[in-house]
Amino acid sequence: RNGRLLLVLIFAAGFVGGQSTVLTFLPIYLDEDLGASSVTIGLYLSLAQVGGIVSQPLIGFASDRLGRKLILVPSLAILGLSFIGLSIAPMGWMFGLVVLVMGAFLFPLMSILLASAMDLVEVGAQATTVSLVFGAAVVVSAFAPALAGVLADSAGTEAAFMFGAVLVLSVSLLS
């Protein structure tokens, strides 16, 4: 019955669909396409986590002060562009920078989406709302990597990143 909450559910679904796709295919891409060692793959994945650790409180604070939409829209856009950047950045410091930026937006955004949902519901409906947000996200994330796998098999691993980018950028444009 709450149209604005329905939009947040759609945003969460698109975001997590893109997130699960990229996090599934990033190690595969690094290994199979770029020939990275296990240590290098681990370092890149750790770099994404570092970006999220640093940015999460900053983005949360900005969201509380400036408003959810003002933070969500550009953050989703930057995240979608970083997914595209994964397929074009050469391995090395440039790829590391793209992964760092990706992580800086990848990990805090679910918190902002949950806060957005909480802003829209009354006291006593928070647990149900969190369940709905995660439920919508799980439905899309359960199928997105498989669809991306079909694309990757036919057009290359970079196609999985483009698929993730389309999901996240679409949500950004809907916001």
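This is a short chat about the helices of a predicted model and how they pack.

Q: What does the secondary structure of the chain come to, in helices and strands?
A: In this predicted model, the chain has seven helices and zero strands, so from the N terminus on the elements simply run α-α-α-α-α-α-α.

Q: And how compact is the chain, going by its radius of gyration?
A: The radius of gyration is 16 Å, close to the 16 Å that the globule rule gives for 175 residues, so the chain is as compact as a globular protein of that length. Along its principal axes, the C-alpha trace spans about 50 × 30 × 25 Å, and 47% of the 175 residues count as buried.

Q: Switching to packing, how do α3 and α7 lie to each other?
A: The axes of α3 (residues 68-88) and α7 (residues 158-174) come within 8 Å and cross at roughly 170 degrees, and the two helices are therefore roughly antiparallel.

Q: Which residues meet there?
A: On the α3 side they include V73, L76, L79, F83 and I84, which meet residues of α7, among them F161, M162, V168 and L169. By class, this contact has 14 nonpolar, four polar and one charged residues.

Q: What about α5 and α6, at what angle do they pack?
A: Helix α5 (residues 109-119) and helix α6 (residues 126-155) pack at about 135 degrees, with their axes 10 Å apart; α5 and α6 are therefore oblique to each other, and their crossing is right-handed.

Q: Who makes that contact?
A: M110, L114, A117 and M118 of α5 make it with Q126, T129, V130, V133, F134 and A137 of α6, and these residues divide into eight nonpolar, two polar and no charged.

Conventions: Residues numbered from 1 in each chain as written. Predicted model: local features only at pLDDT ≥ 70, side-chain atom pairs only at ≥ 80, totals over all residues. Heavy atoms only, no water. Axes fitted to C-alpha atoms, helices over the stretch in contact; angles between N-to-C directions. Helix = DSSP H or I, 4+ residues; strand = E, 2+ residues; numbered from the N terminus. Parallel < 35°, antiparallel > 145°, perpendicular 65-115°, else oblique. Left-handed = near helix turned anticlockwise from the far one by under 90°. Contact = heavy atoms within 4.5 Å. Nonpolar A, V, L, I, M, F, W, Y, C, P; charged D, E, K, R; others polar. Rg over C-alpha atoms; globule rule 2.2 N^0.38 Å. Buried < 20%, exposed > 50% of the residue type's maximum accessible area, 1.4 Å probe, protein only.
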